[in-house]
Amino acid sequence: MILTVTMNPAYDVTYRVENFARGRTHRVRSVEQRLGGKGINVARVLNQLGRYARATGFADHAFAAAAEAELPVDFVHALPWVRRTVVISESDTGTATALREPGARVANPHASEQLEVRVSGNLAHISGLVIAGSLPDGIDPGLPARIAQSALEAGVPTVCDLDGPALRMASRVPGVVLLPGITEFESLTKSSADTPAALLATARPLVDRGVGAVIVTRGSLGMVAVTPDGAWNAYLPEPLTGNPTGAGDPVSAAVINALSRTDSPDWPEILTDAVATSAASVVIPIAGEIDRRLRGHLAPTVVVEELDTPVSNSESA
């Protein structure tokens, strides 16, 4: 079993319009609402990949009950209400505009401790852990790092897709796999790295300090991975257009799917699957779903280029 942690879930609402323009009234063609949040989307994709996944984190009673009807879940009831994210999907251009509410504040002083206990109780039964998404107000940004460290100490591969202070603290946990977007990575490293070579140079110190891997997602440009075994740039030669919202969640699913099966990861193979799985989600108008047939067609076309890894200071000493 793979466990995912979502601390700030959401109701994902998708409005489909022909063309969206500011300052105008629009006729909405259709509306879809589903349970969302990065970790929940990861669990959905894992289930599509044939893996048993359970979702935990924070929620209110209504959200937890609705989620239980769809997925195996075990939420801590700590939120007074659950936020919404609204995506406006345009049929004529294939673009999407997202509006994300900040979410409620956690008032329960024992919520963090309850979640840590909930996760630790599962460690003996899981083969992988994903901690993904934003944190609600009232939660210590060090909580994801503490959960990740306890999992890694128990021998459970752990992926963190976080931002801000939570990402910074998680980056200090030995063995953790970080999966930031380019904006989150630049904020973490206080850099403006935008080329594969620059991303490699900027991420290498994190790996030298003990991070298991850094995989920077770059949207239609693919992703750059830096690991103790090497570095690679992976991408599709012809990127797909569609809804990019949530396209990073299938990457987390693909990575933890592979890491949970082996102690010796084949990173080029993992990146090939991650790029194909992510691209197979872009053509779906809602987050947390992939086109499995398209994923299979795309995988042979993924380009994976090995990057020249500079010699670190410790190696040259």
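# Sheets, helices and salt bridges in a predicted model

Lys38, Asp161 and Asp249 are linked in a network of salt bridges, a salt bridge being a side-chain nitrogen of Lys or Arg within 4 Å of a carboxyl oxygen of Asp or Glu. The structure is a predicted model, in which local features need pLDDT of at least 70 and side-chain atom pairs count only at pLDDT 80 or more, while totals for chains, interfaces and linings use all residues. Residues are numbered from 1 along each chain as its sequence is written, and side-chain values use heavy atoms, with hydrogens and water left out.

## The two sheets

Helices (H or I, at least four residues) and strands (E, at least two) are DSSP runs numbered from the N terminus, and two strands pair if DSSP finds at least two bridges between them. One open sheet is formed by 10 strands in the order S5-S4-S1-S8-S9-S10-S11-S12-S13-S14, with mixed pairing. Its edge strands are S5 (73-77) and S14, each of which pairs on one side only.

Within this sheet, strand S10 (residues 177-178) is joined to strand S11 (residues 213-217) by 2 bridges, and the two run parallel; here Val177 stands opposite Ala213 in S11. Strand S12 (residues 223-227), by contrast in direction, runs antiparallel to S13, to which 5 bridges join it. S12 and S13 form a hairpin with 2 residues between them, and Thr227 stands opposite Gly230 in S13. On S13 there is also an antiparallel pairing with strand S14 (residues 303-307), over 5 bridges, in which Ala234 has Val304 of S14 as its bridge partner. Strand S13 (residues 230-235) is mostly covered, since 5 of its 6 residues are buried, where buried means under 20% relative accessible area, exposed means over 50%, and partly exposed lies in between (1.4 Å probe, protein chains only). Helix H9 (residues 267-282) lies across S11, S12, S13 and S14 and runs at about 25° to S13; contact means heavy atoms within 4.5 Å, and such angles run from 0 to 180 degrees between N-to-C directions of axes, which are lines fitted to C-alpha atoms, for helices over the stretch in contact.

A second open sheet has 4 strands in the order S3-S2-S6-S7, again with mixed pairing. The edge strands, each pairing on one side only, are S3 (30-36) and S7 (96-100), and neighbouring strands of this sheet are turned by 20° against each other on average, direction ignored. Strand S2 (residues 10-17) pairs with strand S6 (residues 83-90) in the parallel sense over 8 bridges, and the bridge partner of Thr14 in S6 is Val87. Helix H1 (residues 38-48) packs on the sheet, touching S2 and S3, and its direction makes about 95° with that of S3. Helix H2 (residues 61-68) also packs on the sheet and touches S2 and S3, its direction making about 95° with that of S3.

## Helix H7

The expected span of a helix is 1.5 Å times one less than its number of residues, so the 13 residues of helix H7 (residues 196-208) should span 18 Å, and this agrees with its end C-alpha atoms, which are 18 Å apart. H7 nevertheless bends by about 30° at Thr202, and Pro205, a proline, follows within four residues; the bend at a residue is the angle between axes fitted to the seven residues ending there and the seven starting there. Among the buried residues of H7 are Leu199, Leu200 and Thr202, whereas Ala197 counts as exposed because its relative accessibility is 55%. After H7 comes Gly210, whose phi is positive, near 125°.

## Salt bridges

A search of the whole structure finds 12 salt bridges, and the table gives some of them.

| Pair | Closest N and O atoms |
|---|---|
| Arg29 and Glu18 | 3.5 Å |
| Asp140 and Arg146 | 2.9 Å |
| Asp273 and Arg295 | 2.8 Å |

Asp273 lies in helix H9 and Arg295 in helix H10 (residues 292-298), so this pair ties together parts that are 22 residues apart in sequence. Asp273 is buried because its relative accessible area is 19%, while Arg295, at 21% relative accessibility, counts as partly exposed. For the other pairs, Arg29 is exposed at 57% relative accessibility, and Glu18 is partly exposed with a relative accessible area of 47%. Asp140 counts as partly exposed at 35% relative accessibility, and Arg146 counts as partly exposed at 34%.
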